[in-house]
Amino acid sequence: MIKTETITKIFRTREVETTALNQVDLHIREGEFVAVMGPSGSGKSTLLNILGLLDSPSQGEYYFDGARAGGLSERGRTSLRRGNIGFVFQSFNLIDELNVFENVEVPLNFLNIHRRERKKRVEAVLNRMKMGHRQRHFPQQLSGGQQQRVAIARAVVARPKLLLADEPTGNLDSKTGLAVMNLLSELNREGTTVVMVTHSLWASKFAHRVVNLFDGGIEYKQEMTKQQNTVLV
C-alpha cells in the first residue's frame, strides 16, 4: 500500500537548510499496523505528513496504493487523499463550533454522499465508539478520552484504506489510552492499515512492527510476532 524510495525532505530558509528526512525507504503492506518511533526532531511528523499527502518529498518517490503520489500538485494530493486516508491527532483537532455529529460528518461532506447516507454512517460509527448518546454535545463538553473517540470516528467514517495516528494517546490517561489503542487494533484487524507515530514504547507494542527514525533516516526495524501482539492487546 505504501512505498517510499529514497525520499528526502529539505526545509530551507534564507539562512538555514534542514534535512528532515534523508533517503528513507519504507514499505508498508495493506493491513499492517506500523509504529514509527524516534526522538524529537528525528523526522516522524514530516514522514507522517508525506504519507498522508499533506506534503511532498523534496527528492525521491512516494507511491500510495499503486499511484505515484510524490510529485502531485496540492490539488492532486487532496483528490487522492480524500476518502482514502484518515487522520487522528494528539490534540484531537475537533471544531469547537460544531457538535459531535457535525464534526464526524465533515469528511463525508466532501465526498458527494447523500444526506441520508451521511446520517446513517455517522450514527453507526458514533455508536461503535460508544458516543452515540453524545452526538449533540460540543467538544468542550467532552472529556479528553471522549474527544479522541470522536476524532477516531471522524477519521474512519469515510472508510479509509489508511489511518494515520499522531501520538493518539499523548494527552490521555493510561485507562483511556488503553481503550483508544484497543480501538485502533480492532480497526486494524478489520482491514484498515494503521501507521502510528508515538513516543510511547507501551503503545508501540500494539503494532505489528516498529520503524525507528534517527536524524531523518531509518535506524532499524524491529518485527513483532503475532503472538506478542495478541497478548499485549
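## Surroundings of Phe33

Beyond its neighbours within four places in sequence, Phe33 is in contact with Met181, Leu184, Ser185, Asn188, Val194, Met196, Phe206, Ala207, His208 and Arg209. The model in which these contacts occur is a predicted one.

## Nonpolar cores

Phe33 belongs to the largest nonpolar core, which has 39 residues. Together with Val104, Met129, Ile152 and Leu163, Phe33 touches the most other members of this core. Two or more residues apiece are given to the core by strand E3 (33–37), helix H3 (100–105), helix H4 (115–128), helix H5 (144–156), strand E7 (162–166), helix H6 (174–189) and strand E8 (193–197). The largest share, six residues, comes from H5.

A second core, separate from this one, holds 26 residues, including Met1, Ile2, Phe64 and Val197.

## The four-stranded sheet

Four strands form an open sheet in the order E2-E1-E4-E5, and their pairing is antiparallel. The edge positions are taken by E2 and by strand E5 (67–68), each of which pairs on one side only.

Strand E1 (residues 2–12) and strand E2 (residues 17–28) run antiparallel and are joined by eight bridges. The connection from E1 to E2 is a hairpin of four residues. Within this pair, Ile2 stands opposite Ile28 of E2; Ile2 is also one of the members of the second nonpolar core.

E1 is joined as well to strand E4 (residues 59–64), through five bridges and again in an antiparallel arrangement. Here Glu5 stands opposite Glu61 of E4. In a regular strand, side chains alternate between the two faces of the sheet.

## Thr193 in strand E8

Thr193 is located in strand E8. Thr193 counts as buried because its relative accessibility is 0%, and the cut-off for a buried residue is under 20%.

Apart from neighbours within four places in sequence, the residues in contact with Thr193 are Met1, Ile28, Arg29, Glu30, Gly31, Glu32, Lys161, Leu162, Leu163 and Asn188. Several of these names recur elsewhere in the model. Ile28 is the residue opposite Ile2 in the pairing of E1 with E2, and Met1 is included in the second core. Leu163 is among the residues that touch the most other members of the largest core, while Asn188 is also in contact with Phe33.

## The largest pocket

The volume of the largest pocket is about 540 Å³. Its lining comprises 20 residues, of which Arg81, Ile85, Phe87, Val106 and Pro107 are the closest to the centre. Helix H2 (74–81), strand E6 (85–89) and H5 each give two or more residues to this lining, and the largest share, four residues, comes from E6.

By class, 13 of the lining residues are nonpolar, four are polar and three are charged. H5 thus appears in two settings: H5 gives the largest share of the largest nonpolar core, and H5 also gives residues to the lining of the largest pocket.

## The second largest pocket

The second largest pocket contains about 260 Å³ of space. Its lining consists of Glu117, Lys120, Arg121, Ala124, Val125, Arg128, Val156, Val157, Arg159, Pro160, Leu187 and Thr192. H4 provides the largest share, six residues; H4 is also one of the elements that give two or more residues to the largest nonpolar core.

The lining of the second largest pocket divides into six nonpolar residues, one polar residue and five charged residues.

Methods: Residues numbered from 1 in each chain as written. Predicted model: local features only at pLDDT ≥ 70, side-chain atom pairs only at ≥ 80, totals over all residues. Heavy atoms only, no water. Pairing = 2+ DSSP bridges. Core = buried A, V, L, I, M, F, W, Y, C linked by side-chain atoms within 4.5 Å. Buried < 20%, exposed > 50% of the residue type's maximum accessible area, 1.4 Å probe, protein only. Contact = heavy atoms within 4.5 Å. 1 Å grid on protein atoms, 1.4 Å probe; cavity = no way out; pocket = protein on both sides within 12 Å on 5 of 7 lines; lining within 4 Å. Points joined across faces, edges and corners; volume = space filled by probe spheres on them. Nonpolar A, V, L, I, M, F, W, Y, C, P; charged D, E, K, R; others polar.
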